[in-house]
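User: I would like to know what lies behind the labels used for this protein. Please set each value against its definition.

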Amino acid sequence: MVHLADGVLLLAIKRLNGERSERSLFHVLNGKRSATTLQDAFFYELEPVFGQFPQTTYSYESLLKGFEKRGWLDRKQFKLTEAGNLLSSPETVKDLFNRLGGERRDYNVTTWKRLSLFVQTFMSREHERTFYPVQADRPAEQWVKQLLQIDRDWKVLMQTFHHEIEAALDIIGDPYATAVVYRFTGAFETGLTYEQIASLLDVDSEAARLYFLAGWNELLTVLPKEAKLRGFTYGLSTERMTFSARESYDLFLKGYSFQQVQSRRRLRTSTIEDHVVEMAMYLNTFPLDQFVPSDDIVTIEKLRDPESWALKPIFEKMGNVSYFQIRLVFARLKRGETFV
């Protein structure tokens with residue numbers, strides 16, 4: 001039996017285009033925040049699944065063996081077979097894949113914990129019922145406790161939250177909306193498990209989990225900026241740049257040179273280079289010509305295969321540029337800039 005989640009994972013392999021290893025995808029699926037993994041997710045459009053498929057070494061090996069046994073995967077090249085390509089191509093697979101929001105994972109998870117616990121706590125108090133917290137998360141419990149101590153007309157606000165959620169769910173549509181709605185716990189009803197939601201949607205439990213992740217990510221995306229529900233995101237950020245790269249960026253903003261930033265932070269050259277690549281990946285504007293000569297920027301773009309993000313062919317053809325410089329140019333090309 002072919003599951004929707006299989007199609008999503010096959011699409012992830014397809015996007016790597018045989019240019020990265022099995023191990024690189026393993027780290028993307030587990031959400032490893034290393035420079036290499038972040039770059040893989042960025043260049044190969046795997047950010048939606050970043051950290052959304054936690055794997056042990058054993059489960060990942062079993063997964064790939066299963067794909068190979070079914071004739072979907074050529075593990076030597078780490079590329080899909082014709083059958084695998086067919087399974088990864090349906091619009092339902094692409095739609096789900098692109099909605100998953102792995103690049104906003106921490107933001108989404110924390111917001112869900114806060115809101116779902118608030119709803120349960122408020123409703124249980126209103127009906128004078130004892131309850132076991134739906135979220136076993138100390139920071140979320142403290143956050144909700146402090147929130148409810150604020151002098152507000154929470155009944156009116158609760159109605160507002162309800163209307164905002166309904167409006168957002170109408171935009172999202174099913175099956176995503178259903179997966180989100182039935183995860184909420186109230187005073188008298190406990191949120192459904194993924195297995196129970198799967199029965200409602202006539203899918204397997206893994207697909208139900210992915211529908212919820214995608215639906216919740218979409219809900220937060222379509223919420224108006226002025227929505228009261230935005231209060232549950234207080235103090236959170238959708239920043240994709242790592243904290244360490246942000247610290248280096250702040251020093252660059254103050255006018256420090258590359259060498260000065262490295263000296264002040266006491267980090268290796270390669271680490272600061274990784275931070276600069278992150279800046280090129282995530283910032284709207286980036287001074288590329290400060291790191292790569294203009295002629296080399298043009299040459300790199302001309303030499304790059306439009307279907308590939310492989311660094312080595314460019315490096316071998318040019319010889320006078322570093323992998324660091326190629327990554328910087330690639331990052332801006334990926335963001336849609338052109339220099340030719």
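**Values and definitions**

Analyst: About 18000 Å² of the protein is exposed, and carbon and sulfur atoms supply 49% of that; accessible areas come from the Shrake-Rupley method with a 1.4 Å probe, and for residues only the protein chains shown count as cover. The model is predicted: local features need pLDDT of at least 70, side-chain atom pairs count only at pLDDT 80 or more, and totals for chains, interfaces and linings use all residues. Residues are numbered from 1 along each chain as its sequence is written, and side-chain values use heavy atoms, leaving out hydrogens and water.

User: What share of the 340 residues counts as buried?

Analyst: The share is 48%, where buried means under 20% relative accessible area, exposed over 50%, and partly exposed in between (1.4 Å probe, protein chains only).

User: Why is R304 said to have no salt bridge?

Analyst: A salt bridge needs a side-chain nitrogen of Lys or Arg within 4 Å of a carboxyl oxygen of Asp or Glu. The nearest side chain of opposite charge, D305, is 6.6 Å away, so buried R304 has none.

User: What makes the pair of R304 and S308 a polar contact?

Analyst: A polar atom of the R304 side chain lies 2.7 Å from the backbone oxygen of S308. The limit is 3.5 Å between N or O atoms, one able to donate a hydrogen and the other to accept it; residues adjacent in sequence count only if both atoms are side-chain atoms.

User: Which residues does R304 contact, leaving aside neighbours within four places in sequence?

Analyst: They are W309, I314, F330 and L333, contact meaning heavy atoms within 4.5 Å.

How values were computed: Lys and Arg count as positive and Asp and Glu as negative; His and the chain ends are not counted.
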